[in-house]
Amino acid sequence: MAENQAVYTGTGRRKNAIARVRIVPGSGKVTINGRDGKEFFGREALLNYALTPFKVTDTVDHFDVIALSNGGGVSGQAGALRHGIARALLEAGDYRSELKKAGYLTRDPRMVERKKYGLKKARKRPQFSKR
């Protein structure tokens, strides 16, 4: 990487996944944990989901994405990557209105509910027997 090249960073979170994202002006190459984006996610749909902030801001193939992602599952990591890319695009240019309108700057607060004692799962109760 060149010394004078602009690097924009953003951290995205979703469920238990965290993605530390750097976007660099380039040709649209996606690298996650040192692997190609398609290879990392295994499904085209998850990669497309993660790259939607570029579609909203009309910057497809303007930036290369270099990300470190850990925690959670593949779907959560795709959501964290999307959040991180959106935050990095804020630094890159004046895209706040488009990203905010699309809802990409909001951290999704939904988490797995913890299991409670006396229950089989978070909410599932043992079967009730009258007699």
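So, Ile 32 stands opposite Ala 67 in strand S5. That's where S3 and S5 run parallel, pairing over 3 bridges. By pairing I mean that DSSP finds at least two bridges between the two strands. Strands here are DSSP runs of E, at least two residues, and helices are H or I runs of at least four, both numbered from the N terminus.

Before I go on: this is a predicted model, where local features need pLDDT of at least 70 and side-chain atom pairs count only at pLDDT 80 or more, while totals for chains, interfaces and linings use all residues. Residues are numbered from 1 along each chain as its sequence is written, and side-chain values use heavy atoms, with hydrogens and water left out.

Okay, what order do the strands take in the open sheet? It's S1-S2-S5-S3-S4, 5 strands with mixed pairing. At the edges sit S1 (8-14) and S4 (35-36), each paired on one side only.

Now the other neighbour of S5. S2 and S5 are antiparallel, over 8 bridges, and there Arg 20 faces Leu 68 in S5. S2, residues 17-25, also pairs with S1, again antiparallel, over 7 bridges. In that pair, Gly 10 is opposite Val 21 in S2.

And which residues of S5 are on its covered face? Those are Phe 63, Val 65, Ala 67 and Ser 69. Asp 64, Ile 66, Leu 68 and Asn 70 make up the uncovered one. In a regular strand, side chains alternate between the two faces of the sheet.

Last up, helix H4, residues 74-92: this one lies across S1, S2, S3 (30-32) and S5 (63-70).

Notes:
Contact means heavy atoms within 4.5 Å. Axes are lines fitted to C-alpha atoms, for helices over the stretch in contact, and angles run from 0 to 180 degrees between N-to-C directions. Buried means under 20% relative accessible area, exposed over 50%, partly exposed in between (1.4 Å probe, protein chains only).
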